[in-house]
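Subject: Structure for your files, with notes on one helix pair

Hello,

Here is the structure I said I would pass on. Please keep it open while you read the notes below it.

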Amino acid sequence: EILNSLWEDRALLAENAWVTFAEVLAGFAAALALGVATAVALHLSPLLRRVSYPLVVASQTIPVIVIAPVLVVWFGFGIGPKVAIIALICFFPITVNTLDGLATVPPEQRKLMRSLGAGRLRVLSSLEAPTALPFLLSGAKIAAAVAVIGAVFGEWAGADEGLGHLMLVDNAKLEVARLFAAMVWLSAMA
């Protein structure tokens, strides 16, 4: 039945999948930009890190499904709240992994670059950033997988299109096969 629904409802599923995919891309891009910028700022300023890092960790204690309806009330039913929800979910793994990667450079290598006259930004761009890249990509892989979950939460909180919205409609209509077909699309997207 699910395979049949995937075929018969392919146009409806594809149309809604594009909406969800656009939300995922926008939210992931926002999280990537904010996560890397935050990690670099926290890395460059030990004081800022001591003050802000506990807040970054504490941001993960509030369930996103609780925040989603509040964001919809504040920003309406457009793409904004969905992008914000996805960015909130993706921000943490990107930030923490990038920050850990920036800190893994051996002190001897930093000292060598400084002794050769490299300034703080040169050390960051030539040594620390390339070292942190695998960590950033690892965080991005985790974030990409959970971004789809954020999109579904956002669409459940308030949307009139997208796979999450379609799943709510299908659940209410007892369209179980199409509900599972939408989950197949979401899994493929993730």
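The notes below deal with helix 8 and its surroundings.

This is a predicted model, in which local features need pLDDT of at least 70, side-chain atom pairs count only at pLDDT 80 or more, and totals for chains, interfaces and linings use all residues. Residues are numbered from 1 along each chain as its sequence is written, and side-chain values use heavy atoms, with hydrogens and water left out.

Helix 7 (residues 120-157) packs with helix 8 (residues 163-173) at an angle of about 55 degrees, and their axes are 7 Å apart. That makes helix 7 oblique to helix 8 (not under 35 degrees, over 145 or from 65 to 115). Helices here are DSSP runs of H or I with at least four residues, numbered from the N terminus. Axes are lines fitted to C-alpha atoms over the stretch in contact, with angles running from 0 to 180 degrees between N-to-C directions.

The contact (heavy atoms within 4.5 Å) is made by Val 152, Glu 155 and Trp 156 of helix 7 and by Leu 163, Gly 164, His 165, Met 167 and Leu 168 of helix 8.

In helix 8, the residues that are buried (under 20% relative accessible area, 1.4 Å probe, protein chains only) are Leu 163, Gly 164, Leu 166, Met 167 and Asp 170. They pack against helix 2 (10-44), helix 7 and helix 9 (176-189). On the face turned away from this buried side, Ala 172 and Lys 173 are exposed (over 50%). Just after helix 8, Leu 174 has a positive phi of about 60 degrees.

Regards

Notes. Helices (H or I, at least four residues) and strands (E, at least two) are DSSP runs, numbered from the N terminus.
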